[in-house]
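Me: Hi! I have a protein open on my screen and I'd like to get to know it. Can you walk me through it in easy steps?

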Amino acid sequence: MQTLLCNFVVLHYLCRTYKAKGMESFFSTHAYLVEHTNAPVRRALMDEIDWNNRLIGIKGTRGVGKTTFLLQYAKEHFCVEDRKCLYINMNNFYFQGKGIAEFAAEFHATGGEVLLIDQVFKQPDWSADLRKCYDTLPGLKIVFTGSSVMRLKTENPELNGIVKSYNLRGFSFRAFLNLQTGCRFPSYTLDEILEGHEPIARQICKEANPLKYFQDYLHHGFYPFFMEKRNFSENLLKTMNMMLEVDILLIKQIELKYLAKIKKLLYLLAIDSPTTPNVSQLAEEIHTSRATVMNYIKYLADARLINMIYPLGKTFPKKPAKIMMHNSNLMYVIYPCRLDEQDILETFFQNTMWKDHKVNKGEKGASFLVDERLKFKICPEEERKRNAETIYARNRIEIGQGNEIPIWLFGFLY
């Protein structure tokens, strides 16, 4: 009996030592990552989140900087040596043998208060574990990142009523211009731009030349990794493939053999955009059904690779009026030999509107109908015949007049 007791004590000690060393390793990694985090542009979302909530989800397309966002939060709110906050990544093989709930309980027992979980969907039963943490660890706050493909509430009912979800977007033109010039321009609401675009543009142009940087933004400014010393196009291509292989196939549990069909569909949509998709022809080209094509199109939209533009009053699962790439950077990478200035500018406009506004297909000469009331026409050049009820978003001008507004200024909406 005494031998058994001794063995139990030794085993208990070894388990505690192993746990302590494992936790120590995570704290060391956390400290290193936070110390080496460099976020030259502070994301506006940092001030939009209600950090008092106990369960916060940060969704966003791959490559927009979700990991940096978590580490920047830790850097702003905690000292590196403060063990109340800890960053972990579900890519770590350690979590193949331990669930989120178990790890969170151990962290909380050491005095932990804020657990930052990156790529939460890599862990099986992650939503059930988060619910368990919420119910059993009232003193612990969890902030996690996930793919834009995830439907936190509709596909994970156990999180209904307890998770607050936010979207992290790529850089706006405003953020890109601030980074390139060292300025600190604020964002403006759509109403502020419509009512006061002339003095706003005039003030901005006193400090910087937006036209000098606008084309660069259209080409490579949406994804923060343009700052890395790597080939941007190759990096974006890799990111797009990860969106397809992980964000769509893994999360939506689609078999690998269908990956080639989804890739081909994206390519066909890209080279034809922005047009109304011929679903029957697309189904024939990738050898699948019309219903499957529409499901794949929805997945591509959820992954923020494309956007579906509908006529007013229509929505999915109806066929969209036209399909556009999610942002202009994607256009330069996926099919650079076929680029039209009108298409690029329209893609920029609908992308920057997408955050806070509803965008529908325009009618009677208008490119878009925004918020079911505002008619916009995207113009590379001056429009000779103007309609008083239409707002003209024009390229190549610094300052507009009346209902003619420089299109770059809509990049200041966030």
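Reply: Happy to! One handy definition to start: a residue is buried under 20% relative accessible area, exposed over 50% and partly exposed in between, with a 1.4 Å probe and protein chains only. This is a predicted model, where local features need pLDDT of at least 70 and side-chain atom pairs count only at 80 or more, while totals for chains, interfaces and linings use all residues. Residues are numbered from 1 along each chain as its sequence is written, and side-chain values use heavy atoms, leaving out hydrogens and water.

Me: Cool. So is E76 buried, exposed or partly exposed?

Reply: E76 is partly exposed, at 33% relative accessible area.

Me: And what does E76 form a salt bridge with?

Reply: Its partner is R42, and the closest N and O atoms are 2.9 Å apart. A salt bridge here needs a side-chain nitrogen of Lys or Arg within 4 Å of a carboxyl oxygen of Asp or Glu. R42 is partly exposed too, with a relative accessible area of 42%.

Me: Where do those two sit in the chain?

Reply: In distant parts, 34 residues apart: E76 belongs to helix α3 (residues 66-77), and R42 to the loop between α1 (2-35) and α2 (45-48). Helices (H or I, at least four residues) and strands (E, at least two) are DSSP runs, numbered from the N terminus. D47 joins in as well, so that R42, D47 and E76 make a salt-bridge network.

Me: How many salt bridges are there by this rule?

Reply: The count is 24. Another one joins R396 to E341, with N and O atoms as close as 2.8 Å. That pair spans 55 residues, from the loop between β11 (390-394) and β12 (404-406) to helix α14. R396 is partly exposed at 45%, and E341 is partly exposed at 29%. K377 and E383 also meet this way, at 2.8 Å from N to O.

Me: Switching topic: what's the strand order in the five-stranded open sheet?

Reply: It runs β2-β3-β4-β1-β5, and the pairing is parallel. Two strands pair if DSSP finds at least two bridges between them. At the edges are β2 (85-89) and β5 (164-167), each pairing on one side only.

Me: How many bridges do β2 and β3 have?

Reply: Five, with β3 covering residues 114-118. I88, for example, has I117 in β3 as its bridge partner.

Me: Which residues of helix α6 are buried?

Reply: In α6 (residues 173-181) they are F173, R174, A175, F176, L177 and N178. Their cover includes α7 (190-207), α8 (210-220) and α14 (341-353). After the helix comes G182, with a positive phi near 80°.

Me: That's a few Phe residues! How many aromatic pairs are there?

Reply: There are 29. Rings of Phe, Tyr and Trp (its six-membered ring) pair if their centres lie within 6.5 Å; planes under 30 degrees apart are stacked, over 60 edge-to-face, and the rest tilted. For Y94 and F103 the centres are 6.3 Å apart and the planes at 80°, so they sit edge-to-face. Both Y94 and F103 are buried.

Me: What about F173 and F176, what do ring pairs link them into?

Reply: A cluster, whose other members include F171, F185, F214, Y217, F348 and W408.

How values were computed. Contact = heavy atoms within 4.5 Å.
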